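Colleague: Could you take me through this entry? I should like to begin with the ligand and then turn to the sheet.

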Amino acid sequence: MDTLKQYDYIIAGAGCAGLSLLVQIIRSGKLSEKKILLVDKAEKKINDRTWCFWETAPGPFESIVHHRWEKTWFHGEGFSKLLPLSPYQYKLIRGIDFYEYCFSLIRQQSNIDIRFGNVEQLENYTDGAFLVLNGEKLYAKYIFNSILFEKPVLKKNKYWLLQHFKGWTIETEKPVFKPSEATLMDFRTDQRLGTTFVYIMPFSPTSALVEYTLFTNSLPESPDYDAGIKKYMQEHLDAGGYKISGEESGIIPMTNHKFPASNGKIINIGTAGGQTKASSGYTFRFIQKHSAAIVDRLLNNSYPVTASGPGRFHFYDSTLLHILHHNKLAGHLIFTQLFQKNKPRQVLRFLDNESSLKDELKIISSLPTIPFLKAAVKQL
Ligand SMILES: Cc1cc2nc3c(=O)[nH]c(=O)nc-3n(C[C@H](O)[C@H](O)[C@H](O)COP(=O)(O)OP(=O)(O)OC[C@H]3O[C@@H](n4cnc5c(N)ncnc54)[C@H](O)[C@@H]3O)c2cc1C
């Protein structure tokens with residue numbers, strides 16, 4: 001083995017999870033003697049996504065929060081309300097700001113190398129793990145991997161719903177937005193293809209990110225997101241003319257498949273490490289908590305795999321996925337009841353896997369009992 005290519009840590013994937021972990025390693029200030037390699041196939045120069053999430057306190061990327069809201073609208077079946085989120089704030093970070101911020105910090109560190117190329121393989125060997133980057137083997141004591149090479153094979157009772165969406169950043173002629181009021185979910189949309197909603201993140205009276213989202217079992221042949229956004233704008237926003245200054249689209253797997261936390265010295269992070277919340281697709285905050293826990297263990301010289309948290313949240317997520325997958329209840333009705341009958345802060349804490357059992361029982365009892373009970377029994 002070429003000793004020159006031996007690292008302490010290799011971070012495979014410079015996306016949200018890889019960069020978050022590396023920034024938290026740097027900020028710990030105590031791992032600067034570790035030789036680290038960051039690899040990705042892309043140079044991360046485009047604004048390919050925006051991350052929205054909620055927090056009660058300043059987070060690790062506070063300085064690049066692009067906009068924040070203390071209130072959001074919810075529009076569901078027979079229920080419309082501006083929800084106060086306190087003690088939470090809903091925050092938005094633009095992908096490009098995140099990549100630039102992280103890479104600028106990383107490039108200042110003499111102990112970190114960056115390589116761009118295709119990771120073809122990850123394997124363990126006696127003293128660590130190696131990856132193959134464009135045909136070259138690179139070794140490390142630990143590899144932190146966020147690359148999901150393929151969709152896993154699903155076992156019985158495991159679901160793989162797709163949350164797919166397209167968003168436009170628009171500049172309108174008329175001042176139609178309130179920059180202090182976001183729209184978390186607006187279900188006044190066609191529900192025929194599956195759970196479908198619009199969310200709106202306004203930045204000024206005349207500019208916002210408007211996103212059209214569906215949860216479906218498979219990708220519809222030609223989901224017409226553009227037509228969905230246009231129709232929504234005609235019906236609910238008296239915007240006059242508008243121009244599109246940016247676009248994003250994506251697919252997030254909503255699954256109760258248990259991604260392995262590790263395989264020997266290969267430690268999985270991000271979506272590939274099970275950090276995407278199965279019932280919502282939210283991932284950003286889970287990645288930050290996971291990164292902090294990994295850094296704690298590295299500082300203590302412990303194996304950097306952390307406990308996955310209370311299993312009951314996996315059970316709740318599985319129950320909801322069962323209902324959505326088998327069409328036992330319409331998603332818009334479930335989310336409407338969730339927000340109509342519970343305080344927003346309780347729902348957000350629940351979706352963060354941070355609620356108490358008492359709160360969870362209250363939330364569960366606010367949902368239609370029979371279908372949820374039947375689905376829960378199937379998941380037990
Ligand atoms: C458009 C979009 C919007 C989203 N919005 C939100 C949101 O608002 N809130 C939220 O909580 N979550 C959101 N998510 C979900 C989740 O937060 C993101 O997917 C997040 O980027 C996941 O982080 P990750 O590091 O696991 O994966 P990624 O960020 O995708 O990083 C994986 C990295 O691996 C690299 N890679 C892949 N294959 C290879 C290979 N063979 N060789 C080398 N490199 C490779 C990729 O280039 C990429 O940089 C969104 C997802 C998308 C797609």
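Colleague: Which strand gives the most to the shell around the ligand?

Modeller: Please bear in mind that this is a predicted model. The strand in question is β3, which contributes four residues to the shell.

Colleague: Which elements each supply at least two residues of that shell?

Modeller: They are α1 (16–28), β3 (50–55) and β16.

Colleague: How many residues surround the ligand, and which are the closest?

Modeller: The ligand is surrounded by 27 residues. The closest are Gly13, Gly15, Ala17, Gly250 and Gly270.

Colleague: How do the residues of the shell divide into nonpolar, polar and charged?

Modeller: There are 13 nonpolar residues, 10 polar ones and four charged ones.

Colleague: Where does the ligand lie with respect to domain 1 and domain 2, and why?

Modeller: The ligand lies between them, because both domains give residues to the shell around it. Domain 1 is made up of 3–50 + 93–152 + 259–299, and domain 2 covers 161–253.

Colleague: Now the sheet. What is the order of the seven strands?

Modeller: The order is β6-β5-β13-β14-β15-β12-β16, in an open sheet with mixed pairing. Its edge strands, each pairing on one side only, are β6 (79–84) and β16 (242–255). From one strand to the next, the twist averages 15 degrees. The edge strand β16 also appeared in our discussion of the ligand, as one of the elements supplying at least two shell residues.

Colleague: In what sense do β14 and β15 pair, and over how many bridges?

Modeller: Strand β14 (residues 195–204) pairs with strand β15 (residues 207–216) in the antiparallel sense, over nine bridges. A hairpin of two residues joins β14 to β15. Within this pairing, Ile200 stands opposite Val210 in β15, and Tyr199 has Glu211 as its bridge partner in β15.

Colleague: And what about the pairing of β13 and β14?

Modeller: That pairing is antiparallel as well, over two bridges. Here Thr183 stands opposite Ile200 in β14. Ile200 therefore faces Thr183 in this pairing and Val210 in β15, and strands of a sheet pair through backbone hydrogen bonds.

Colleague: Is β14 mostly covered or mostly exposed?

Modeller: β14 is mostly covered, with eight of its 10 residues buried.

Colleague: Which strands does helix α6 lie across?

Modeller: Helix α6 (residues 331–341) lies across β5 (71–76), β6, β13 (181–186), β14 and β15. The helix runs at about 135 degrees to β5.

Notes
Residues numbered from 1 in each chain as written. Predicted model: local features only at pLDDT ≥ 70, side-chain atom pairs only at ≥ 80, totals over all residues. Pairing = 2+ DSSP bridges. Axes fitted to C-alpha atoms, helices over the stretch in contact; angles between N-to-C directions. Contact = placed C-beta atoms within 7 Å. Near = placed C-beta within 6 Å. Nonpolar A, V, L, I, M, F, W, Y, C, P; charged D, E, K, R; others polar. Domains from an automatic or database assignment. Buried ≥ 20, exposed ≤ 12 C-beta atoms within 10 Å, placed from the backbone.
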